[in-house]
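Here are a few notes on the model, mostly about the ligand site. Have the structure open while you go through them.

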Amino acid sequence: MSRKKTPRSKGASAPAASAPPAANGSRPARPIGPPPPARPSLGGGDFYNVAFKIMLVGDSGVGKTCLLVRFKDGAFLAGTFISTVGIDFRNKVLDVDGVKVKLQIWDTAGQERFRSVTHAYYRDAHALLLLYDVTNKASFDNIQAWLTEIHEYAQHNVALMLLGNKVDSAQERVVKREDGEKLAKEYGLPFMETSAKTGLNVDLAFTAIAKELKQRSMKAPSEPHFRLHDYVKREGQGTSCCRP
Ligand SMILES: Nc1nc2c(ncn2[C@@H]2O[C@H](COP(=O)(O)OP(=O)(O)OP(=O)(O)O)[C@@H](O)[C@H]2O)c(=O)[nH]1
Ligand SMILES: [Mg+2]
């Protein structure tokens, strides 16, 4: 990813997630206490108590769209790679410890030419999933540049997680798990390896972020503190392969 700087777009605006509570400090925090009554999502259908906006970012081809489709529909988009144009979103409601958490998940285009469009969406994101492809070294090397971009455009306390995708492709792997762990440690990020193809750790990645956001917005004083780092370390399924 070349790091050509693009102006902040004023044109694009995200459809509002229904009154998302403060996970990023940009809005007043919901008072501590029992979850608010469930309400229908914007499109009808699923009811939820709280709503959050999550963005998927990373180089083109790392598997952002496939990760979202795996999470939303439980399927894998094999075959021809159709690069995302601009930005797209899907909703999913999860039950997190008895609270209905609606995730509005924004799938961004990794291609440089859409960067100015996606910049406009960062500021409303409560969480970012930053992906690289374990079979593509350049996508891993670009993580630092993505973090610079995130720091420039996202809320300062946005929840962030690093994901190394495509671990099913053991033969083609060029980024070791330890390298991902080291980078994540350097930047203080929770880290997991995933596969949109097999589903490895996909639900876990979204559930972990949902738990973190729910905790930030409505933690009762008696509730034990949720630690995202510990949770993904404990729950994440390791990948046995160690190539190269
Ligand atoms: N083996 C394997 N292939 C994957 C996986 N995830 C995605 N792919 C493949 O990688 C290619 C790119 O996947 P996408 O999800 O479209 O990539 P993207 O990050 O959304 O790309 P942009 O929309 O251009 O930013 C497709 O051919 C997918 O089939 C995975 O976990 N394992
Ligand atoms: Mg895509």
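1. First, a term: helices here are DSSP runs of H or I with at least four residues, numbered from the N terminus. With that in hand, Lys72 belongs to helix 1. Keep in mind that this is a predicted model.

2. Staying with Lys72: buried or exposed? Neither quite fits, because its relative accessible area is 32%, and partly exposed covers what lies between under 20% (buried) and over 50% (exposed). Along the chain, Lys72 and Lys92 are 20 residues apart, yet their C-alpha atoms are separated by 6.6 Å.

3. Helix 1, residues 64-73, also matters for the ligand shell: with three residues, helix 1 gives the most to the surroundings of ligand 1. In total, 25 residues surround ligand 1, and the closest are Ser60, Lys64, Ser83, Gly110 and Asp168.

4. What is the make-up of that shell by class? Around ligand 1 there are 12 polar, eight nonpolar and five charged residues.

5. Now the polar contacts, each to an oxygen atom of ligand 1. An N or O atom in the Thr65 side chain lies 2.9 Å away from such an oxygen. Gly63 uses a backbone N or O atom, at 3.0 Å, and Val62 a polar backbone atom, at 3.3 Å. As for cover, ligand 1 taken alone exposes 650 Å², and the protein buries 91% of that.

6. Where does ligand 1 sit? You'll find ligand 1 in the largest pocket.

Key: Residues numbered from 1 in each chain as written. Chains lettered and ligands numbered in written order. Predicted model: local features only at pLDDT ≥ 70, side-chain atom pairs only at ≥ 80, totals over all residues. Heavy atoms only, no water. Near = heavy atom within 4 Å. Polar contact = N/O pair within 3.5 Å; in protein donor to acceptor, adjacent residues only side chain to side chain. Areas by Shrake-Rupley, 256 points an atom, 1.4 Å probe, with all protein chains shown as cover. 1 Å grid on protein atoms, 1.4 Å probe; cavity = no way out; pocket = protein on both sides within 12 Å on 5 of 7 lines; lining within 4 Å. Sits in = over half its atoms within 2 Å of the grid points. Helix = DSSP H or I, 4+ residues; strand = E, 2+ residues; numbered from the N terminus. Nonpolar A, V, L, I, M, F, W, Y, C, P; charged D, E, K, R; others polar. Buried < 20%, exposed > 50% of the residue type's maximum accessible area, 1.4 Å probe, protein only.
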